[in-house]
Amino acid sequence: QVQLVESGGGLVQAGGSLRLSCTASGRTFSSDAMGWFRQAPGKEREFVAAIYLRSIGTRYSDSVKGRFVISRGNAKDTVYLQMNNLKPEDTAVYFCAAGSTIAPSAFTSWGRGTQVTVSS
């Protein structure tokens, strides 16, 4: 079992930036990738970005490509999501996830989420 804890959400104006953090604990050796998903009110959860923990490789959704950057921290099993040029449509609960690859269908462990609200 992998435990994931997110932090860094909040309220920001359109055009602003936020950085989300996620730290994994527990059976982290079973996960080779971590990522971020989001869910807006009334919508299904959608993939945002993912990164391999022990090799090179990232993946982004088209809606955030060029604005968001996912990275690994120096601390083991920590990932960040730097969100720039935020738009009101980025408003959602953001979930950290862990899985075997950076394919969106490969994530099986989830955090509880952190709220990001972008005002216009």
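C22 has a relative accessibility of 0%, so C22 counts as buried. The cut-off here is anything under 20% relative accessible area. Its partner gets the same label: C96 is buried, with a relative accessible area of 0%. Keep in mind that this is a predicted model.

What joins C22 to C96? A disulfide does, with the two sulfurs 2.0 Å apart. In case a reminder helps, a disulfide is a covalent bond between the sulfur atoms of two cysteines. The structure holds 1 disulfide. The link of C22 and C96 is left-handed, with -85° about the S-S bond. As for where the ends sit, C22 belongs to strand β3 (residues 18-26) and C96 to strand β9 (residues 92-99), so to speak two distant parts of the chain, 74 residues apart.

**The sheet around β3**

Strand β3 also turns up in an open sheet of 4 strands, which is ordered β1-β3-β8-β7 and pairs antiparallel. Which strands stand at the edges? Those are β1 (2-7) and β7 (68-72); each has a single partner strand, so one side of each is left without a neighbour in the sheet. On average, and ignoring direction, neighbouring strands of this sheet are turned by 20° against each other.

Now for the β7 end of that sheet. Strand β7 is joined to strand β8 (residues 78-83) by 5 bridges, and the two run antiparallel. Across this pairing, S71 stands opposite Y80 in β8. Y80 has another contact worth a look: the charged end of R19 sits over the ring of Y80, 4.1 Å from its centre.

**Aromatic pairs**

The structure holds 3 aromatic pairs. Two of them, both involving F37, are set out here.

| Pair | Centre to centre | Angle between planes | Type |
|---|---|---|---|
| F37 and F47 | 5.5 Å | 75° | edge-to-face |
| F37 and F107 | 5.5 Å | 75° | edge-to-face |

Why does the F37 and F47 pair tie together separate parts of the chain? F37 lies in strand β4 (residues 33-39) and F47 in strand β5 (residues 46-52), so the parts being tied are 10 residues apart in sequence. The pair of F37 and F107 reaches further along the chain in its own way: F107 is in strand β10 (residues 107-110) while F37 is in β4, so this pair ties together parts that are 70 residues apart in sequence.Are these rings buried or exposed? F37 and F47 are both buried, and F107 is buried as well.

Add W110 to F37, F47 and F107 and you have one aromatic cluster. W110 has a charge to deal with too: the charged end of R45 sits over the ring of W110, 4.5 Å from its centre.

**Two nonpolar cores**

The largest nonpolar core has 27 residues, and the members that touch the most others are M34, W36, L81, M83 and Y94. Which elements give two or more residues to this core? They are β1, β3, β4, β5, β7, β8, β9 and β11 (114-119). Another core, of 7 residues, lies apart from the largest one and counts F37, F47, A50 and I102 among its members.

How values were computed
Residues numbered from 1 in each chain as written. Predicted model: local features only at pLDDT ≥ 70, side-chain atom pairs only at ≥ 80, totals over all residues. Heavy atoms only, no water. Phe/Tyr/Trp six-rings, centres within 6.5 Å; stacked < 30°, edge-to-face > 60°. Buried < 20%, exposed > 50% of the residue type's maximum accessible area, 1.4 Å probe, protein only. Lys NZ or Arg CZ within 6 Å of the ring centre and 35° of its normal. Disulfide = S-S within 2.5 Å. Pairing = 2+ DSSP bridges. Axes fitted to C-alpha atoms, helices over the stretch in contact; angles between N-to-C directions. Core = buried A, V, L, I, M, F, W, Y, C linked by side-chain atoms within 4.5 Å.
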